[in-house]
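Hi there,

Here is the structure I promised to pass on to you. Have a look at it first, and then read my notes underneath.

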Amino acid sequence: MTAELKKNSAYKLCHVAPAALPAPQLVFPLQENLAADEFPLDPAQPFVAQEQARRVIRATLQDTFPNRCCWLVGAPRCGRKTLVKYIASQTSHINSCEDQVLIPSSASPPLHWLALKNGEGRRLAQIAEDGLRTWQNDLLNSTLPLSETLQRLAENWQELSENPHDAISSYSREVQQLLAQRAALLRLRLLNGQSQTIDDLDVSLHRFLWGILNQQPAAPIQTSASDANALFGCFATRFCGDIAYCDHTTYSGSALLQARGSILIIDGEGLAQNLPLWQRLRRVLERGYLDLTELAAPHSGFPAWNYGLQIPLKTTVFIAISPAEYALLAENDEDLGMALPHKAEFADEDWLNETHKREFSAFAVSLAQKCGGPGIAIDGIAELLYYCSQRAAHAQRLNLQLGNLNEIVRRAGQLASQRHTALIKASDIEQALHNMRKSANLLEEELDYYTAGDIIHIETDTKAVGQVNGLTVIEQPEYSFGRPQRISAVVYASKDGLVAVERECQNDGKIHAKGTLILNGYILGCLGGLHTWPIGISVCMEQSYESIDGDSASSAEACAVLSALADVPIDQGIAVTGSIDQFGNIQAVGGIAEKVQGFYKLCAQRGLTGRQGVIIPRASLSEALFDRELRQALTQGTFHLWAVSHVSESIEILTGLPMGKLRDDRYPKRSIMGKIQMAADEADR
């Protein structure tokens, strides 16, 4: 390729200046020592973006309906539960917790529910249990008269007997009367050496213990919607000996009741697969009370006389659920919004404006403080922000799954501590990210080994006809990485037209199949002005053994086909990505950063020549967020990036020849179309 051609061709016109690429910058002007008053949010409880969700959550908490309900629809780790806690703490919505107790009774129903002041219910329940245990010890002491044991119980329970709540005073009288009737029998069995007596007595006493429904009064309370027992509670019935005297029924706490008067956040993942559980939860939320009758299964032995105990909720309920789960649940419940009228939608990402930059800075400072290590410097915040933009695949957008940053900051803090510095720098963030990728890149290392050993054949410093390096992205749970993919095209005499190997063997998805048909339309359009030419073109993704999908290879395939038709070699040191339409226009594709970095990594391992690079769609320039090493290579000119809008620009960069324009029914000889036209003329002869 001559210098004059480079000067006037797409090679230079489409070349991307490194200064035009996104790079980490100071997020906004700040002094070196961060001051809390520079942030719009409390640094101890910051939150980033999610304005719509904030409005809905505040509206839910301000709703005057006794049982307020709201969906929290968003991806995991986007702060659904954190935002509820934050807003609730700002609005002082979390009320002081009550002590909720279940008190046994010989009347119907056999359980009474009572809400007492915080701590009062626990204290009275302890008095009841201590009195029973003391009476048990007195009863086993044969030297004490039965009347004296009962008198001591009455003295210990004086506060219960005189309590203003009827359920408590009635409990005291009924239990004392029942124990007076049984005392002689139990002592007689003990004196006769019946070993079961003590066990019977212990079990019998358990049936008189109070049930405490809110063992963990701190609010808000989180639980799992996949566990009905955790949501609604459950009864456990145990029988020992004589059922009339030794049955032991206990109630495990309900999250709905534990959060009474406060907030309950439910993890809704799995609700769509457990419709009976959702229907049950919906019924409870709509009517506003929990009926303990529903907790008794027909085969559990739960007594029928427990029917009728209904406990009002007065709970603000939030259900955190992913968009996919919510959509699936909506398909099976047409009136989904009626049960929970409020819906807070959490965005996966948002535009990066000045407000969000300031909020993110407050969040980063708070995150470093929470990790208990060094603070974070300005360039460290900028590097974190750049990483979030990389995850959003756009220079002006911000990924909002900020829960993923916890581990990064923690590891970066450890690195900063090892350097004995007081601040986490950008280099610490970069190293932490590198270490995390290295701990989960076994597949990437295996593919590197196969490529280095030429088991997977990829050329990076030669020229070849009908062959080009496309780019793919391999998705993993921890991260994604790019890999070059050799694409070849072969021309032969036939009437087959364009034949895509992957499509013929049904090894591709629908989007790739569509891309192949679009490629066929573009190639036919290019050849339409030429003479009738019986030709076959075979296009293949070499050494691809798994199903592929997507149309990002159609641009590379078009270049390989044009190279094969014109018999012009392609520079293998330049890779191509982008989709095309039927007019040859290059369209945006995803995974630009991973694709470019994947090809750069291979070229760097083999030795950079200064001529290598990647062609990307011009529409994807905003996604070109690269790591520091690649940005330096672009700045130093050892690696290059071109942004194109049409296939003609790509093929010119790859071959050094222009596409060519038709004049007087002829294309210029030194052009791709000119050489194709000459091949067609030769075929006609």
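Below is what I found, going from the whole chain down to single residues.

First of all, keep in mind that this is a predicted model. The protein has 685 residues, and 50% of them count as buried. You'll find 27 helices and 27 strands in it. Among the contacts with a separation of 6 or more, 75% join residues that are 24 or more positions apart.

Let's start with a small sheet. Three strands make it up, in the order S3-S2-S4, and the sheet is open with antiparallel pairing. Strands S3 (111-116) and S4 (211-212) are at the edges with a single partner strand each, so each has one side without a neighbour in the sheet. If pairing is new to you: strands of a sheet pair through backbone hydrogen bonds, and they can run parallel or antiparallel. Strand S2, residues 99-104, pairs with S4 over two bridges. One pair to look up is Leu 102 with its bridge partner in S4, Gly 211. Helix H5 (residues 120-140) packs on this sheet and touches S2, S3 and S4. The direction of H5 makes about 30 degrees with that of S2.

For another antiparallel pair, go to strand S18 (residues 467-475) and strand S19 (residues 480-493), which are joined over nine bridges. The two form a hairpin, with four residues between them. Here Val 473 has Gly 482 in S19 as its bridge partner.

Now for the inside. Which residues touch the most other members of the largest nonpolar core? They are Tyr 522, Ile 523, Leu 562, Ile 653 and Ile 672, and the core has 47 residues. Helix H23 (residues 554-566) gives the most to this core, with nine residues. There is also a second, separate core of 33 residues, which includes Val 73, Ala 259, Ile 311 and Val 317.

H23 also has a helix partner worth a look. The axes of H23 and helix H22 (residues 510-527) come within 10 Å and cross at roughly 35 degrees, and the crossing is right-handed. On the H22 side, the residues making the contact include Leu 519, Tyr 522 and Ile 523. On the H23 side, they include Val 561, Leu 562 and Leu 565.

Next, helix H24 (residues 592-606). With 15 residues, H24 reaches 22 Å from its first C-alpha to its last, close to the expected 21 Å. Its buried residues include Ile 592, Val 596, Phe 599 and Leu 602, and also Lys 595. After H24 comes Gly 607, with a positive phi near 110 degrees.

Finally, two residues make a nice pair to check by eye. Gln 50 has a positive phi, near 60 degrees, and is not a glycine. The phi of Asp 567, not a glycine either, is also positive, at about 60 degrees. Both are in loops: Gln 50 between helix H2 (10-13) and helix H3 (51-62), and Asp 567 between H23 and strand S22 (569-571). Which of them is buried and which is exposed? Gln 50 has a relative accessibility of 4%, under the 20% cut-off, so it counts as buried. Asp 567 has a relative accessible area of 57%, over the 50% cut-off, so it is exposed.

Cheers

Terms used: Residues numbered from 1 in each chain as written. Predicted model: local features only at pLDDT ≥ 70, side-chain atom pairs only at ≥ 80, totals over all residues. Heavy atoms only, no water. Pairing = 2+ DSSP bridges. Contact = heavy atoms within 4.5 Å. Axes fitted to C-alpha atoms, helices over the stretch in contact; angles between N-to-C directions. Expected span 1.5 Å × (residues − 1). Buried < 20%, exposed > 50% of the residue type's maximum accessible area, 1.4 Å probe, protein only. Core = buried A, V, L, I, M, F, W, Y, C linked by side-chain atoms within 4.5 Å. Left-handed = near helix turned anticlockwise from the far one by under 90°.
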